[in-house]
Amino acid sequence: MEFDGDLDTTEMLYDVGGERPHDEADVRLDDQLTAPPLGPPPYLSPSSASTFRSCARRWKFRYIDRLADPAGEAALAGTFAHRVLEILMDAPASERTTDRAREIARSVWPETESDPDFVALALNDVQKHRFRWLGWTAIEGLWRLENPEDITVVATEQKVDTVLGDVPFRGIVDRLERESARADAGLVVSDYKSGRAPSPRFQQDRLDQVMLYAAAVEASSGERPRAARLLYLGQCIIETEVTPELLDASMAALHDTWSSIDQAVSSTTYEASPGPLCGWCPYAGQCEEGLAELELRRSAGRIRSSAPSLRFLAAAS
Ligand code: SF4
């Protein structure tokens, strides 16, 4: 396996044709869910909340019916990159080099290659090479954003399990750091993103997620982080101050989502929200509205031929 590190990250955008509802880390957390077999999950994760907001029907398939939502190539490459960066940032600062990252990538690769979701992709050698390229490009993209040796790491992959307002909340914080080595320096919550950086219109939605992590860190440690950051690997950092107003707004949105889920579960009514994401929804084959949307988009030439859900149209015709 080669990680030559000479790739142009601007070419590497995990293009899923729209805003992804999933966060790699929280999907891993949700996969560990041990909820009762009948009934909704006993907590919200950012991933679950985001899925419900984008389409309640999809949320029902995933979290009530527990239908499989296997990670695709892009999500798995993102998980691979997360794992390498976790180990890298746990190392002493002076060891956080690209050479060390390559070694870690090689050692982590067998874990990825044996993941059932990866095996299910049935990639040929050329496709596997592309997968490794995607993963490595995301990893190397960290150096385009910061010098990892300068980061004062407090924790990596920290699970948070708390109650925000009246909502049971769980998530995984990719990285918690101090702004300098001084003990009284501010805390920063950072979340790695291997997908395409959102346009300004969608940034607030993404920042809501790290704001919730900041709230969860404060609830469990008693210390309010100063800032929350999204690290779009190879692209840009989107940062916001953690203010009482922003925390309140994010927690109010979480409360509203939790209440909406409660109502949907009580009434067993899960509205479909057809749109661009139907092209990447693993449940489109079981969703009448989704199939109609796909047909409409295909006729109008408004969906990429690579959209995986198009296979359901072929199966339905
Ligand atoms: S196909 Fe579209 S409308 Fe149907 S569940 Fe999936 S995202 Fe929602």
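## Around the ligand

In this predicted model, the ligand is surrounded by 14 residues, and the closest of them are Cys55, Cys278, Cys281, Cys287 and Gly290. By character, the shell divides into nine nonpolar residues, two polar ones and three charged ones.

Where does the shell come from? Two helices, α3 (56-64) and α10 (288-299), each supply at least two of its residues. Seen by domain, at least three residues of the shell come from each of domain 1 (1-271) and domain 2 (276-316).

## Arginine 57 in helix α3

Helix α3 deserves another look, and arginine 57 is a good place to start, as this residue is found in that helix. Is arginine 57 buried or exposed? Arginine 57 has 22 other C-beta atoms within 10 Å, and because the threshold for a buried residue is 20 or more, arginine 57 counts as buried.

Leaving aside residues up to four places away in sequence, arginine 57 touches Tyr270, Glu271, Ala272 and Cys287. Of these, Cys287 is also listed among the closest residues to the ligand. There is a long-range relation to point out as well: arginine 57 and glutamate 289 are 232 residues apart along the chain, yet their C-alpha atoms are separated by 9.9 Å.

## The chain as a whole

Stepping back, the chain contains 11 helices and five strands. Of its 317 residues, 40% are buried. Among contacts with a separation of 6 or more, 68% are between residues 24 or more positions apart.

## Helix α7

Helix α7 covers residues 125-140, 16 residues in total. At 1.5 Å a residue the expected span is 22 Å, and the end C-alpha atoms are indeed 22 Å apart, so the helix agrees with expectation.

Which residues of α7 are buried? They are Phe131, Leu134, Gly135, Trp136, Thr137, Ala138, Ile139 and Glu140. These buried residues pack against two other helices, α4 (73-90) and α5 (98-113).

## Strands β1 and β2

Now to the strands. Strand β1 (residues 152-164) runs antiparallel to β2, and 11 bridges join the two. Within this pairing, threonine 152 stands opposite arginine 178 in β2. The hairpin of β1 and β2 has two residues between the strands, and glycine 165 takes a positive phi there, near 65 degrees.

How enclosed is β2? Nine of the 12 residues of this strand (residues 167-178) are buried, so β2 is largely enclosed by the rest of the structure.

## Strand β3 and its two partners

On one side of the pairing scheme, β3 (residues 187-193) meets β2 in the antiparallel sense over four bridges. Two facing pairs help to locate this register: glutamate 177 stands opposite valine 188 in β3, and arginine 175 stands opposite serine 190 in β3. Strand β3 is also joined to strand β4 (residues 227-232), this time in parallel and by six bridges. Valine 188 appears here again, opposite alanine 227 in β4.

Strand β3 is mostly covered, with seven of its seven residues buried. In a regular strand, side chains alternate between the two faces of the sheet. In β3, Leu187, Val189, Asp191 and Lys193 point one way, while Val188, Ser190 and Tyr192 point the other way, and all are buried. Charged side chains are included in that list, namely Asp191 and Lys193.

## Two residues with positive phi

Most residues other than glycine have a negative phi. Two residues invite a closer look on this count. Arginine 66 is not a glycine, yet has a positive phi of about 55 degrees. This arginine lies in the loop between α3 and α4, and with 12 C-beta neighbours inside 10 Å, arginine 66 counts as exposed.

Glutamate 157 is not a glycine either, and its phi is positive at about 45 degrees. Here the setting is a strand, as glutamate 157 is found in β1. With 18 C-beta neighbours inside 10 Å, glutamate 157 counts as partly exposed.

Note on methods. Residues numbered from 1 in each chain as written. Predicted model: local features only at pLDDT ≥ 70, side-chain atom pairs only at ≥ 80, totals over all residues. Near = placed C-beta within 6 Å. Domains from an automatic or database assignment. Pairing = 2+ DSSP bridges. Contact = placed C-beta atoms within 7 Å. Expected span 1.5 Å × (residues − 1).
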